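Q: Please take a close look at the internal cavities of this protein. Which residues line them, and what is the character of those linings?

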Amino acid sequence: MSDGYYNSKKTDDICEGVCGQGTRAELIMSRLRCILRGLDLRTYMILFMIVPICIFGVYLHGQKITYFLRPIWESPPKPFHNVPHYYNENVTVETLCKLHGWGIRESPRRVYDAVLFSNELDILTIRWNELYPYVTQFVLLESNSTFTGLPKPLLFASNRDHFKFIEPRLTYGTIGGRFKKGENPFVEEAYQRVALDRLLKIAGIEDDDLLIMSDVDEIPSAHTINLLRWCDDIPPVLHLRLRNYLYSFEFYMDNKSWRASVHRYKTGKTRYAHYRRTDDILTDAGWHCSFCFRHISEFVFKMKAYSHTDRVRFSHYLNHERIQDVICKGANLFDMIPEEYTFKEIIGKMGPIPHSYSAVHFPAYLLNNAEKYKYLLPGNCRRESG
């Protein structure tokens, strides 16, 4: 045994004479060289292959990862209070009002249906024919700009002759877009909704009139509006739970569409909006048919124009053949994970929407003109190019 103490720690010959010497900067560099000298070729290959693949994977699927982890970073909204909906065509309105716990009026309220219009000509036709018997005034605002600031033609104005049946009850207005590049699309959307408030006043709305607030493709059923206009003591604001469809009435998603609402108008208080206003919601009150277009070009237009344009992450999403294939499969146009708040719901909704072959309880005008609107009915997923 040699003089001095015995050190049982092993030494690394690779780093001998390199590590632990010189200034702080030299020490750091020498330790880095020490580590790198200790890596073999296989490790280098793994680093240079795996790391770029991981980065590319996050780039492609980062949005999916974020939405899948939504239950972790976002809590579900407060549940609605579901108001049961009673209806049968052979039951009187008076009986239906009593079943809901409401009284009956001596005369019905006036009803105003107000919408912002983009390009949904067919759905608007179906909507207005469904509501025509019970609406006092139809109010439509059209802009020459999309929510994303893209210029658009005034489609309703150029097709107004197709809506002559509504003309005596129509208040139509236009608004110029601000065309501000890079602005949040929801700012332009809010700007147009404020303008719709002013148009409603021009249309002559008064206190206690019923005001339907919903997008064009959120269609309340006629009997729902007739019920609310005749019943007394209904809530001042009531959301409508709609059956949720995608691309056509062949792809039924769920009954979670809730943004449509009916308000008993109050001057100075009622403001046109598209967000949650109350906890009360009337169940099974109509239909929401999103992206229900006749032409592929209309799909492309909406994908680029509506407030969630950030979902078009890659240009090939707008390819016509891809869109047609997605429609017939009932898949997601934006290749997204379902927007839900629990892992159970997300996993349960992953994949294409199952085909539905039921055509029961659809808007009457749609079924009475089935040949004209065949593309909206089960078994007709092929679209015109436009």
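A: The cavities are taken in turn below, after a word on confidence.

The model is predicted, with an average pLDDT of 88 for the protein. Of the residues, 85% score at least 70. Residues 1-14 have a pLDDT below 50, and beyond near neighbours in sequence this stretch has two contacts in the model. Where pLDDT is low, predicted coordinates should not be read in detail.

Three cavities of 30 Å³ or more are present in the structure. The largest cavity holds about 60 Å³ of space. One run of its lining consists of Ser145, Thr146, Phe147, Thr148 and Gly149. The lining of the largest cavity also includes Arg178, Phe179 and Lys180, followed by Glu183, Asn184, Pro185 and Glu188. Sorted by class, five residues of this lining are polar, four are charged and three are nonpolar. Among the charged residues are Arg178 and Glu188, while Phe147 and Pro185 are among the nonpolar residues.

The second largest cavity contains about 50 Å³ of space. Its lining includes Asn119, Glu120, Leu121, Asp122 and Ile123. Cys292, Phe293 and Arg294 also line the second largest cavity, as do Glu298 and Tyr375. Helix H5, which spans residues 121-131, supplies the largest share of this lining, with three residues. Here the classes divide into five nonpolar, four charged and one polar. The polar residue is Asn119, and the charged residues include Asp122 and Arg294.

Conventions. Residues are numbered from 1 along each chain as its sequence is written. This is a predicted model: local features need pLDDT of at least 70, side-chain atom pairs count only at pLDDT 80 or more; totals for chains, interfaces and linings use all residues. Side-chain values use heavy atoms; hydrogens and water are left out. pLDDT is the predictor's confidence in each residue, from 0 to 100. Contact means heavy atoms within 4.5 Å. On a 1 Å grid over the protein atoms alone, a cavity is a set of points where a 1.4 Å probe fits but cannot get out, and a pocket is an open set with protein on both sides within 12 Å along at least five of seven lines; lining residues have an atom within 4 Å of a point. Grid points are joined across faces, edges and corners, and a volume is the space filled by probe spheres set on the points. Helices (H or I, at least four residues) and strands (E, at least two) are DSSP runs, numbered from the N terminus.
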